[in-house]
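User: I am new to this structure and would like a close look at one part of it, with its surroundings explained as you go. Please state what each term means when it comes up.

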Amino acid sequence: MAKRTYRVIVNLDVRHQAAREVIAGILRFAAKHPEWDLQMRGNHPSNDGFTLDPTWKPDGLIIDDAWKTHEGARLLAIPSLRGAIFTSTLPPTSFRIPHESVATDDRALAVAAAKLFLQHGLTNFAFIGTRGDERWCEARKRFFRAALKDAGFGLSVYKSPRSARKDWSEERKAMAEWIKSLPKPCGIWAAYDQRAMHVLDICRANGISVPEQVQVLGVDDESYICEQTTPTLSSLAPDFEAGG
């Protein structure tokens with residue numbers, strides 16, 4: 001009797017290293033399970049205009065925030081779907097097909113960040129997240145604050161002024177004033193590497209020495225960022241491939 005084949009669409013944003021590593025984990029699993037038949041999609045020019053073979057009816061879907069787009073909604077509505085996995089995102093409340101979510105352990109990241117700064121002998125700490133209030137970013141901030149509180153320390157948090165959320169020049173001014181106001185030396189944990197790069201850029205432009213006055217830590221270990229910043233950026237590296 002032939003083995004059951006599981007047809008799965010993988011729709012992740014390949015522009016991000018985290019998604020590429022998740023895909024690597026998925027492919028590594030699929031290589032050991034030949035009953036898995038994968039169709040790769042996501043943000044890549046070669047996928048423009050791609051449509052599924054109507055005879056290839058997927059059983060499952062692995063998707064990220066793309067479910068919020070028109071294309072993502074179309075994928076969620078495929079009649080043959082029997083289940084879905086959402087990566088680093090919450091599914092739509094209207095989604096009734098069996099599903100699960102796989103995300104990074106924000107508590108573990110926050111504890112690791114606090115531990116690293118404390119090992120460096122710092123007593124002043126700050127957090128900078130995204131311009132909005134994304135759930136994962138708020139979780140990292142909350143767990144970071146709790147870890148520092150357990151050690152007897154407080155936390156300064158940067159929040160983008162509404163006027164700066166669509167104006168980068170205003171954002172830079174607000175971030176510069178915030179960084180200048182922090183007691184030094186200070187450890188700044190950024191929610192992700194690109195935000196950490198913003199901090200390094202502003203420190204350099206305003207004569208704030210790194211790491212003497214400010215130590216900066218990111219998340220994701222995006223090599224194209226971490227190895228090219230001045231100075232090079234330290235970053236926490238979640239095991240995205242294992243998540244895949």
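Is Asp220 buried or exposed, and what is its relative accessible area?

Analyst: Asp220 is buried, with a relative accessible area of 17%, where buried means under 20% relative accessible area, exposed means over 50%, and partly exposed lies in between, using a 1.4 Å probe and protein chains only. This is a predicted model, in which local features need pLDDT of at least 70 and side-chain atom pairs count only at pLDDT 80 or more, while totals for chains, interfaces and linings use all residues. Residues are numbered from 1 along each chain as its sequence is written, and side-chain values use heavy atoms, with hydrogens and water left out.

The backbone at Asp220 also deserves attention: its phi is positive, about 110 degrees, although Asp220 is not a glycine. The residue sits in the loop between β9 and α7; helices (H or I, at least four residues) and strands (E, at least two) are DSSP runs, numbered from the N terminus. Asp221 occupies that loop as well, and it too is a non-glycine residue with a positive phi, of about 55 degrees. Asp221, however, counts as partly exposed, at 34% relative accessibility.

To place this loop, it helps to look at the sheet that β9 belongs to. Five strands form an open sheet in the order β7-β6-β8-β9-β10, with parallel pairing, and two strands count as paired if DSSP finds at least two bridges between them. The edge strands are β7 (156-158) and β10, each of which pairs on one side only. On average, neighbouring strands of this sheet are turned by 25 degrees against each other, direction ignored; axes here are lines fitted to C-alpha atoms, for helices over the stretch in contact, and angles run from 0 to 180 degrees between N-to-C directions. At the β7 end of the order, β6 and β7 pair in the parallel sense over three bridges, and Ala126 has Ser156 in β7 as its bridge partner.

Two helices lie against this sheet. Helix α5 lies across β6, β7, β8 and β9, running at about 170 degrees to β7, where contact means heavy atoms within 4.5 Å. Helix α6 also packs on the sheet, touching β6, β7, β8, β9 and β10, and its direction makes about 160 degrees with that of β9.

The interior of this region can be followed through its nonpolar core, a set of buried Ala, Val, Leu, Ile, Met, Phe, Trp, Tyr and Cys residues joined through side-chain atoms within 4.5 Å. The largest such core has 23 residues, and those with the most contacts inside it are Ile128, Trp178, Ile179, Ile188, Val199 and Val214. At least two residues of this core come from each of β6 (125-128), α5 (168-181), β8 (186-190), α6 (193-205), β9 (214-219) and α7 (223-226), which places both elements flanking the loop of Asp220 among the contributors. The largest share, five residues, comes from α6. Ile179 gives a view of these contacts: not counting residues up to four places away in sequence, it touches Lys184, Ile188, Val199, Ile202, Cys203, Ile208 and Val214. Apart from this core lies another, of 20 residues, among them Leu109, Ala114, Phe127 and Ala191.

Since α6 supplies that largest share, its own details are worth following. Its buried residues are Asp193, Arg195, Ala196, His198, Val199, Leu200, Ile202 and Cys203. An α-helix has 3.6 residues a turn, so residues three or four places apart point the same way. The 13 residues of α6 should span 18 Å at 1.5 Å a residue, and its end C-alpha atoms are 18 Å apart, which agrees; the expected span is 1.5 Å times one less than the number of residues in the helix.

The chain then leads from α6 towards β9. After α6 comes Gly207, whose phi is positive, near 70 degrees. Pro211 is placed in the loop between α6 and β9, and a cis peptide bond with an omega of about 10 degrees joins Val210 to Pro211. Beyond the loop of Asp220, a cis peptide bond also joins Thr230 and Pro231, with omega at about -10 degrees, and Pro231 lies in the loop between α7 and β10 (234-236).

Asp220 is thus best viewed together with its loop between β9 and α7, where its burial at 17% can be set beside the 34% of partly exposed Asp221.
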